[in-house]
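Open the model in your viewer and keep the sequence panel beside it. Each stop below gives a selection and then what to look for.

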Amino acid sequence: MLPVDGERPFPYTRPQKNPVPKGNVMILQKPPSLNLALSANADYLSVVMSFVERSASVFGLGRAEQGKLLLATEEIFMVLCNVLCPGKDLDVRLVNGLHYVRAEFHFVSSELNLGGLNITPTISPDGEADLQQMGLLIAARSADRLSLNVERRQRVALSVVKEKAYPRSAERIPPPEDGEAAAVETPDRERLKRFAVLAGQSVPDPDRPSFLNYPGKLADMAAAGDCHVLTALNRKKEIVGGIVFGHRTEKTVWCCGPYVFPRTGQPEIAETLLEACIAKVARTKALGLLSISGLPEGLRRDFEPLGDLTFRPEEGPPVQRSFFYRHLHEDPVCEVWAHAALADHLRREYGRLVLAREIRILSDMGEARSGRSLFSAEIDGERSEVVLRPLLPGADLPVNVERHVRLLQDERYRNLLFELDLGISWHAEIVPALLRSGFRPAILLPFAGRSDLVIFEAHATES
């Protein structure tokens, strides 16, 4: 239930098989995993804990990180046994993402119980919280990310991710003097780490994703297929620049950079790297390129600005992160759903971005709504950031928004985001509740979900 330029390249990427560029072809790479099938019975807690501990060790997770993953596992397993699917079949899967280990819990829960998957506990009439449901919040605190996906027929996938610990680079590399790009290549592991060192010492915040601070992590991310890196070399075979990119969805590619290191020849190097990146993805189904970590001034003429997200670090002033978009193919006409309160904003944005959309306004004809809504809350503790996503509609949508905002602000999360998919009609029902809770539309991401995504932004009270 969370991510941006930190542990994952982008805060809104959903778990999926990773498209990996190879030559001019994108292939799918599935990370290795280990599986355990049992029932959600508290008597099996020791079995699950042993399985997770040994699997995480085999996958290279350090002892400190194993301890935090085990705490999250214990809390989740007990919630499953006591609340969500007691006695039902449960599949536990440990996934080796090279730079992280993910523990997944796959189960079937009745529709009546799905509301219990919200990280906000149910409050009784006397004001007491259901302590059995607090386990999901405890798990989120101990893991790097906690996410939730509801599939068909109440099939649920609940997962926690623990990142591996990597050392920061202490090496200092003199920047190259020759500012001419003679070749662009996919670097081997050692050159990739050298690129990360150069980027880490040359690129300022907020244009430097935090994974560039850890060369070994970037190497593992590339090996796992979570990103692809291209570097530009001068005639002395020195690295003069680079770009990092990958698929967010089938139709959208994200990129960080291009980053250029010499003082001379910067516009030419940046343009060469961008053209090489576009050539790599041009034969895929991607319709657009999404820049998520700043863009050299000389390249902005070929991109459309999507807007800014404001990141509030623990110390220092807020930082603006700008997003840009470039069309790679002709934009197809498609239908999106909107609440009347958001319609004018969308018309302005679609007109500015030259995106062909048929905006359908949601209509309330007095129909009854029932059940409890469900939100996924992707939590990144290191960044103090939470991304909320609606998973199920219900009669309590406004109350659920307010409850989540209050809880997350009480927990001192400084950065709150809410993601709505314009391709899912009932998502539009949430807009009035978001506006009342202090959220405002910040950026529009083309083809980043079932259709376009609108990211609403709010900020928690200061600690």
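The tour starts with the whole chain, moves to one sheet and its helices, and ends at single residues.

**Whole chain**

Keep in mind that this is a predicted model. Show the chain as a cartoon: its secondary structure comes to 9 helices and 21 strands. Switch to a surface. The accessible area is about 20,100 Å², and carbon and sulfur atoms account for 49% of that. Of the 463 residues, 55% count as buried.

**The seven-stranded sheet**

Select β8 through β14. These 7 strands form an open sheet with mixed pairing, in the order β8-β9-β10-β11-β12-β14-β13. The edges are β8 (183-185) and β13 (304-311), each paired on one side only. Look along the sheet for its twist: neighbouring strands are turned by 25 degrees against each other on average, direction ignored.

**The β8 edge and β9**

Select 183-185 and 228-233. β8 and β9 run antiparallel and are joined by 3 bridges. Pick Ala-183; its bridge partner in β9 is Leu-233.

Stay on β9. How many of its residues are buried? The count is 6 of 6, so β9 is largely enclosed by the rest of the structure. Turn on side chains. His-228, Leu-230 and Ala-232 point one way; Val-229, Thr-231 and Leu-233 point the other way. Both sets are buried.

**The β9-β10 hairpin**

Add β10 (239-249). β9 and β10 pair in the antiparallel sense over 6 bridges. Leu-233 stands opposite Ile-239 in β10. The hairpin has 5 residues between the strands.

Now pick Lys-237, in the loop between β9 and β10. Its phi is near 65 degrees, a positive value in a residue other than glycine. Most residues other than glycine have a negative phi, and most peptide bonds are trans. Buried or exposed? Lys-237 is exposed, with a relative accessible area of 53%.

**The β13 edge**

Select 304-311 and 319-327. β13 and β14 run antiparallel, and 7 bridges join them. Label Asp-308: it stands opposite Ser-322 in β14.

Then add Asn-415, in strand β19 (residues 415-421). Draw a distance from its C-alpha to that of Thr-310; the separation is 8.2 Å, although the two residues are 105 apart along the chain. Asn-415 is buried, at 1% relative accessible area.

**Two helices on the sheet**

Select 189-202. This is helix α4, lying across β8, β9, β10 and β11 (252-260). α4 runs at about 100 degrees to β10.

Next select 266-281. Which strands does helix α6 touch? The contacts are with β8, β9, β10, β11, β12 (288-291) and β14. The direction of α6 makes about 35 degrees with that of β10.

Check the span of α6. Its 16 residues reach 23 Å from the first C-alpha to the last, close to the 22 Å expected at 1.5 Å a residue. Colour α6 by burial. Among its buried residues are Ile-269, Leu-273, Leu-274 and Ile-278. Lys-280 is on the buried list too.

**A cis peptide in β11**

Zoom to residues 257 and 258. The peptide bond from Gly-257 to Pro-258 is cis, with omega near 5 degrees. Pro-258 sits in strand β11.

**Leu-98**

Move to the loop between β4 (89-96) and β5 (100-108), where Leu-98 lies. Leu-98 is not a glycine, yet its phi is positive, near 70 degrees. Its relative accessibility is 27%, so Leu-98 counts as partly exposed.

**Last stop: the cysteines**

Show cysteine sulfurs. The structure holds 0 disulfides. Why is Cys-81 not bonded to Cys-85? The sulfur of Cys-85 is the closest cysteine sulfur to that of Cys-81, but at 7.1 Å it is too far for a bond. The cut-off for a disulfide is 2.5 Å between sulfur atoms. Cys-81 is buried, with a relative accessible area of 7%.

Note on methods. Residues are numbered from 1 along each chain as its sequence is written. This is a predicted model: local features need pLDDT of at least 70, side-chain atom pairs count only at pLDDT 80 or more; totals for chains, interfaces and linings use all residues. Side-chain values use heavy atoms; hydrogens and water are left out. Two strands pair if DSSP finds at least two bridges between them. Helices (H or I, at least four residues) and strands (E, at least two) are DSSP runs, numbered from the N terminus. Axes are lines fitted to C-alpha atoms, for helices over the stretch in contact, and angles run from 0 to 180 degrees between N-to-C directions. Contact means heavy atoms within 4.5 Å. Buried means under 20% relative accessible area, exposed over 50%, partly exposed in between (1.4 Å probe, protein chains only). Accessible areas come from the Shrake-Rupley method with a 1.4 Å probe; for residues, only the protein chains shown count as cover. The expected span of a helix is 1.5 Å times one less than its number of residues.
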